[in-house]
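Reader: I'd like to talk through this model with you. Can we start with the terms and then get to the surface?

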Amino acid sequence: MVLRTAIVQSAKRIPLIKFRKGGYPGLTAAGTQGSYQNTGVIEDWELPPRYWRKPISVDEMEYINRGGPA
């Protein structure tokens with residue numbers, strides 16, 4: 001009985017993620033040879049200064065490169 005209710009519940013499941021069918025219309029198998037369409041993506045260099053990442057100090061770089069506390 002428990003197995004049957006699990007199967008019925010899984011059959012009623014509706015996925016929450018909506019996928020685009022067919023991918024992007026401008027892309028082909030060879031790359032981006034089709035017409036380029038703006039997808040609304042902003043590159044990091046286009047962001048206003050208030051959204052830029054904070055610069056990393058030399059001490060932080062050394063800490064990251066050595067893998068954490070020594």
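Author: Sure. Buried means under 20% relative accessible area, exposed means over 50%, and partly exposed is in between. Keep in mind that this is a predicted model.

Reader: So is Met61 buried, exposed or partly exposed?

Author: Met61 sits in helix α2, which spans residues 58–65. Its relative accessible area is 40%. The middle class runs between 20% and 50%, so Met61 counts as partly exposed.

Reader: Which residues make up the nonpolar surface patch of about 490 Å²?

Author: Met61 is one of them, and its 40% clears the cut-off of over 30% that patch residues need. The full set is Ile56, Val58, Met61, Tyr63 and Ile64.

Reader: How many of the eight residues in α2 are buried?

Author: Across the chain of 70 residues, buried ones make up 3%. Helix α2 is hardly covered. Its count of buried residues is zero.

Reader: What phi does Gly67 take?

Author: Gly67 comes just after α2. Its phi is positive, at about 90°.

Conventions:
Residues numbered from 1 in each chain as written. Predicted model: local features only at pLDDT ≥ 70, side-chain atom pairs only at ≥ 80, totals over all residues. Heavy atoms only, no water. Patch = residues over 30% accessible without salt bridge, like charges linked within 9 Å, V, L, I, M, F, W, Y side chains within 5 Å. Areas by Shrake-Rupley, 256 points an atom, 1.4 Å probe, with all protein chains shown as cover. Salt bridge = Lys/Arg side-chain N within 4 Å of Asp/Glu carboxyl O. Helix = DSSP H or I, 4+ residues; strand = E, 2+ residues; numbered from the N terminus. Buried < 20%, exposed > 50% of the residue type's maximum accessible area, 1.4 Å probe, protein only.
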